[in-house]
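The following note sets out comments on the structure shown below. The points are numbered for ease of reference.

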Amino acid sequence: MQADINGKDIHFELRNDAGEKLEKTIPEDELQKYIVGYEMIRCDGRGMKKERRKCGSCENFTPIEGCAKGNCSVRGDIIQRSRIICSHDYVLKADKVLC
């Protein structure tokens, strides 16, 4: 599933049990009509307490020198490094160790 750059249209692919695909483009306000289930395909923060998955420990976060904020490459926004994981693609930095 992917949104247009303007965020108004959603592009996604439907599949049936036979593996046949149907590509759809719909307005964002009609998305709920098409969701019948979902499958988690990636969960990099699995096994970590939610409170430990902060933006500062994410690969998508680039700190701004001299302050507690940084840029999130997924959101395209400036955010606090101590913010608890957002709903966007959290990827643990390679130098962080899971305990």
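**Comments on the predicted model**

1. The three-stranded sheet. The structure is a predicted model. Three strands form an open sheet in the order S4-S5-S6, with antiparallel pairing. Its edges are strand S4 (61-63) and strand S6 (77-80), each of which pairs on one side only. Neighbouring strands of this sheet are turned by 40° against each other on average, direction ignored. In general, the strands of a sheet pair through backbone hydrogen bonds, in either a parallel or an antiparallel manner.

2. Pairing of S4 with S5. Strand S5 covers residues 69-72 and is joined to S4 by three bridges, the two running antiparallel. Within this pairing, Phe61 stands opposite Cys72 in S5. The two strands form a hairpin with five residues between them. Gly66 lies in that turn and has a positive phi of about 90°.

3. Pairing of S5 with S6. Four bridges join these two strands, which again run antiparallel. Lys69 stands opposite Gln80 in S6, and Asn71 stands opposite Ile78 in S6. Here too the strands form a hairpin, with four residues between them. Its turn contains Gly76, which has a positive phi of about 70°.

4. Overall composition. How many helices and strands does the protein contain? There are zero helices and six strands. From the N terminus on, the order of elements is therefore simply β-β-β-β-β-β, since a strand is counted as a DSSP run of at least two residues and no helix run is listed. Buried residues make up 20% of the 99 residues. The exposed surface of the protein is about 8100 Å², of which carbon and sulfur atoms supply 48%. Among contacts between residues at least 6 apart in sequence, 38% join residues at least 24 apart.

5. Salt bridges. A search of the whole structure finds two salt bridges. In one of them, the side chains of Lys8 and Glu28 meet at 4.0 Å, N to O. This pair links distant parts of the chain, 20 residues apart. Lys8 is in the loop between strand S1 (2-3) and strand S2 (9-15), whereas Glu28 is in the loop between strand S3 (21-27) and S4. Glu28 has a relative accessibility of 42% and so counts as partly exposed. Glu13 forms a salt bridge with Arg15, and the closest N and O atoms of that pair are 2.9 Å apart. Glu13 is partly exposed, because its relative accessible area is 34%. Arg15, with a relative accessible area of 61%, is exposed.

6. Cysteines. How many disulfides does a search of the whole structure find? The search finds zero disulfides. In general, a disulfide is a covalent bond between the sulfur atoms of two cysteines. Cys67 is partly exposed, with a relative accessible area of 33%. Cys72 is buried, as its relative accessible area is 7%; this is the residue that faces Phe61 across the S4 and S5 pairing.

7. Surroundings of Leu14. This residue is found in strand S2. Is Leu14 buried, partly exposed or exposed? Its relative accessible area is 30%, so Leu14 counts as partly exposed. Leaving aside neighbours within four places in sequence, Leu14 is in contact with Glu20, Lys21, Leu22, Lys24 and Tyr34. The C-alpha atoms of Leu14 and Ile35 are separated by 10.0 Å, and these residues are 21 apart along the chain.

8. The segment after S6. Where does Tyr90 lie? Tyr90 lies in the segment after S6. Its relative accessible area is 7%, which places Tyr90 among the buried residues because the cut-off for that class is under 20%. Tyr90 and Phe61 are 29 residues apart along the chain, and their C-alpha atoms are separated by 9.3 Å.

Technical notes:
Residues numbered from 1 in each chain as written. Predicted model: local features only at pLDDT ≥ 70, side-chain atom pairs only at ≥ 80, totals over all residues. Heavy atoms only, no water. Buried < 20%, exposed > 50% of the residue type's maximum accessible area, 1.4 Å probe, protein only. Contact = heavy atoms within 4.5 Å. Areas by Shrake-Rupley, 256 points an atom, 1.4 Å probe, with all protein chains shown as cover. Pairing = 2+ DSSP bridges. Axes fitted to C-alpha atoms, helices over the stretch in contact; angles between N-to-C directions. Disulfide = S-S within 2.5 Å.
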